[in-house]
Amino acid sequence: MNAIVIEHVKVSELPEDWRTRLHAAANACVTVRIEEETASRETTHESAENPLFGMWQDREEMQDVKGHVRKLRAPRF
């Protein structure tokens with residue numbers, strides 16, 4: 001697989017949409033990696049047909065997935 005890696009890119013030089021998603025300081029530097037995605041849309045659709053897909057959707061902590069994952073990872077950092 002071919003990939004392009006660009007190191008030491010200032011966040012302020014990234015496209016606006018990327019900057020908003022990144023939530024980093026404008027003077028911070030990041031590494032940008034661009035590569036072709038390998039999963040097709042058909043594969044994603046097939047996973048939705050799996051009976052286990054969405055099995056946790058009714059759990060209270062899954063209402064805020066990002067917050068839940070952040071809480072799980074907090075002890076590591």
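The following legends describe close-up views of charged side chains in a predicted model.

**View 1. Arginine 21 and aspartate 17 meet in a salt bridge along helix H1.**
The nitrogen and oxygen of this pair lie 3.7 Å apart, and the two residues both belong to helix H1, which covers residues 16-22. Because arginine 21 and aspartate 17 are four residues apart in that helix, about one helical turn separates them. Arginine 21 is exposed, with a relative accessible area of 64%, whereas aspartate 17 is partly exposed, its value being 44%.

**View 2. Glutamate 35 forms a salt bridge with arginine 33.**
In this pair the closest N and O atoms are 3.3 Å apart. Glutamate 35 is partly exposed at a relative accessible area of 39%, while arginine 33, with a relative accessible area of 54%, is exposed.

**View 3. Arginine 59 takes part in a salt bridge with glutamate 61 and also sits over the ring of tryptophan 56.**
The closest N and O atoms of glutamate 61 and arginine 59 are 2.6 Å apart. The charged end of arginine 59 is, in addition, 4.8 Å from the centre of the tryptophan 56 ring. Arginine 59 counts as partly exposed at 37% relative accessibility, and glutamate 61 is likewise partly exposed, with a relative accessible area of 30%.

**View 4. The whole structure is searched for salt bridges and aromatic pairs.**
The search of the whole structure finds three salt bridges, whereas the number of aromatic pairs is zero. As a general matter, side chains of opposite charge can pair when their charged atoms come close.

Key
Residues are numbered from 1 along each chain as its sequence is written. This is a predicted model: local features need pLDDT of at least 70, side-chain atom pairs count only at pLDDT 80 or more; totals for chains, interfaces and linings use all residues. Side-chain values use heavy atoms; hydrogens and water are left out. Rings of Phe, Tyr and Trp (its six-membered ring) pair if their centres lie within 6.5 Å; planes under 30 degrees apart count as stacked, over 60 as edge-to-face and the rest as tilted. A charge sits over a ring if NZ of Lys or CZ of Arg is within 6 Å of the ring centre and within 35 degrees of the ring normal. A salt bridge is a side-chain nitrogen of Lys or Arg within 4 Å of a carboxyl oxygen of Asp or Glu. Buried means under 20% relative accessible area, exposed over 50%, partly exposed in between (1.4 Å probe, protein chains only).
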